Amino acid sequence: MTAHTIRDTAVLTSRSLRHILRSPDTIITTAVTPIALMLLFVYVFGGAIDTGTLSTGSYIDYMLPGILLITIASGIAYTAYRLFLDMQGGIFERFQSLPIARSGVLWAHVLTSLVSILVSLAVVIGVALLMGFRTGAGFGAWLGVIGMLVMFTLALTWLAVIAGLSAKTVDGASAFSYPLIFLPFISSAFVPTESMPGPVQWFAENQPVTSIVDSMRALFAGQPVGNDIWVAMAWLVGILIVGYVISMSIYRKKIS
């Protein structure tokens, strides 16, 4: 982005963030569902689930990476919702009459989503620590986890932009996130894939969430990551690029 675009994006992002500060229920709501799932799995199902990998750690150490991805998938629904309302409210048309970078409008929504979801993630991690989550991750490993969470957020947020620009109704704008919320359940997020039936196991082992979850779990445990992190990054970069290209294409058609 050029200096002009960066400046306009910063101003528009500040506008969007003020809306979030006036309505913090967005952040709270985003964190409620993952926290409820965490409580349910740890205190109700956790004792009956054999992960086959933990000897001294607790079940919450195993399942937290999946919960963090669910937090992100829950949060991006609000991005599509806010973008849809801006489209319907004529905000975009008013922005077009001003000498501002057009792409800054979309980037403002994306960066607002990133900030609000990072706050929700911090809340979820805080609750996990109270529930007994412990990690052997050093500074570098934490940077790796944060980097993957940021990449996952950006990748899904650009998918949310597609939904927000394309939806015909408010419900349609946010409903696309439901499959993304449930995707971690068909992965290694909560149970090892070896325990799944053949076709389900194949899908779980070859979808992006499993490699992302396995990478973060290894980083939290202070263990070697192996090839999982490269597979995860390939998925994340690929989804981000596809989402960005399609979003910008739809946006140009909308404002042309």
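## Helix α10 and company

Reader: How far apart are the end C-alpha atoms of α10?
Author: Helices here are DSSP runs (H or I, at least four residues; strands are E, at least two), numbered from the N terminus. At 1.5 Å a residue, the 14 residues of α10 should span 20 Å, where the expected span is 1.5 Å times one less than the number of residues. That agrees with the model, since the end C-alpha atoms are separated by 20 Å.

Reader: And what kind of model is this?
Author: Residues are numbered from 1 along each chain as its sequence is written, and side-chain values use heavy atoms, with hydrogens and water left out. Local features need pLDDT of at least 70, side-chain atom pairs count only at pLDDT 80 or more, totals for chains, interfaces and linings use all residues, and the model itself is predicted.

Reader: How many of the 14 residues of α10 are buried?
Author: Buried means under 20% relative accessible area, exposed over 50%, and partly exposed in between (1.4 Å probe, protein chains only). Pro208, Val209 and Phe220 are among the buried ones. α10 is mostly covered, with a buried count of twelve.

Reader: Which residue pairs with Arg217 in a salt bridge?
Author: A salt bridge is a side-chain nitrogen of Lys or Arg within 4 Å of a carboxyl oxygen of Asp or Glu, and the structure holds one. Both partners sit in α10 (residues 208-221), three residues apart, or about one turn of the helix. Arg217 counts as buried because its relative accessibility is 14%. At 3.1 Å, N to O, its partner is Asp214.

Reader: Is Asp214 buried or partly exposed?
Author: Look at its relative accessibility, which is 21%. That value is why Asp214 counts as partly exposed.

Reader: What separates the C-alpha atoms of Ala141 and Phe220?
Author: Ala141 belongs to helix α6 (residues 139-166), and it counts as buried because its relative accessibility is 16%. Phe220 is one of the buried residues of α10. The two are 79 residues apart along the chain, yet their C-alpha atoms are separated by 6.9 Å.

Reader: Which residue follows α10?
Author: Check the backbone angle just after the helix: phi there is positive, near 70°. The residue in question is Gly222.

Reader: Leu40 is in which helix?
Author: Leu40 helps make a nonpolar surface patch of about 470 Å², together with Leu39, Tyr43, Val44 and Phe45. Patch residues have over 30% relative accessible area and no salt bridge, with like charges joined within 9 Å and nonpolar side chains (Val, Leu, Ile, Met, Phe, Trp, Tyr) within 5 Å; areas come from the Shrake-Rupley method with a 1.4 Å probe, and for residues only the protein chains shown count as cover. Leu40 counts as partly exposed because its relative accessibility is 34%. Its helix, residues 25-45, is α2.
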